[in-house]
Amino acid sequence: MSGTGPPEPGEGTRAWDAVEWEAAGRRRAPLAALYARHRRAALAAAAAVIAVAGGGYLYATRPPQPPPPQVPYPAQAMTISYLRDGTAGAGAPVRGFRFDVLLSVDAGPPITVSRVGQPYAGLRLTTEPRTPFRTKAGSPRKITITMDVTECGKVPKDAGLPFLEVTLRNTRAIQNQSFILGRRYAQHLSKGLKVACSNSLR
């Protein structure tokens, strides 16, 4: 017998009737309402997640930044210039030699002068201001140095190329540096030593 009609469900299956479709629609309705109520917040959260992910990607793939310029070593940034002989005049030492120098920081952070010395065993050196003191870029500082003769047999009769031994410190390093002050300083030092030792023999 043949005929037409709605297909019958197969064995182990069943057709959804209208009641079941309505039930499914009712179950989905609260989810749709919840999404409708919070759609703006959900979209904003999704946009934030995308923005954070994009920003992280851009940060991770950014080109490397050049390193900041390095602070110069203190001896490279400081100059010491001989100013004048201070042997003569009021307050001049009887058995010594006094002179002024100018300390200048050319660039970089401030430099601290921890020690000023000289190579001769028969001399004692003091500074005004006393060490340690600090000098910064753009503010040259005048220093008065006094050398007292403690033993004439241990000082040179003619100082050919005398120098100062200076310990410098900045944020990069601590350095011991020798500064040659030039021929004028050498002449004045030799003269001051001769006068000091002549006075000691009187």
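**View 1. The outside of the protein, with its exposed area.** In this predicted model, the protein exposes about 13,800 Å². Carbon and sulfur atoms supply 58% of that surface. As for what is tucked away, 28% of the 202 residues count as buried.

**View 2. The fold, element by element.** Counting up the secondary structure gives 4 helices and 8 strands. Follow the chain along its sequence and you read α-α-α-β-β-β-β-β-β-β-β-α. Take the contacts with a separation of 6 or more: 65% of them come from residues 24 or more positions apart.

**View 3. Inside the largest nonpolar core.** This core has 32 residues. Phe99, Ile145, Met147, Leu164, Leu181 and Tyr185 are the ones with the most contacts inside it. Several elements each chip in at least two residues of this core, with helices α3 (74-77) and α4 (183-200) among them. On the strand side, β1 (78-85), β2 (96-105), β3 (111-117), β4 (123-128), β6 and β7 (163-169) each do so too.

**View 4. Zooming in on threonine 146.** Here we're in strand β6, which covers residues 141-149 and includes threonine 146. Threonine 146 has a relative accessible area of 10%, so it counts as buried, the cut-off being under 20%. What does its side chain pair up with? The partner is the side chain of arginine 98, joined to that of threonine 146 by a polar contact of 3.1 Å.

Methods: Residues are numbered from 1 along each chain as its sequence is written. This is a predicted model: local features need pLDDT of at least 70, side-chain atom pairs count only at pLDDT 80 or more; totals for chains, interfaces and linings use all residues. Side-chain values use heavy atoms; hydrogens and water are left out. Buried means under 20% relative accessible area, exposed over 50%, partly exposed in between (1.4 Å probe, protein chains only). A polar contact is a pair of N or O atoms within 3.5 Å; within protein, one must be able to donate a hydrogen and the other to accept it, and residues adjacent in sequence count only if both atoms are side-chain atoms. Contact means heavy atoms within 4.5 Å. Accessible areas come from the Shrake-Rupley method with a 1.4 Å probe; for residues, only the protein chains shown count as cover. A nonpolar core is a set of buried Ala, Val, Leu, Ile, Met, Phe, Trp, Tyr and Cys residues joined through side-chain atoms within 4.5 Å.
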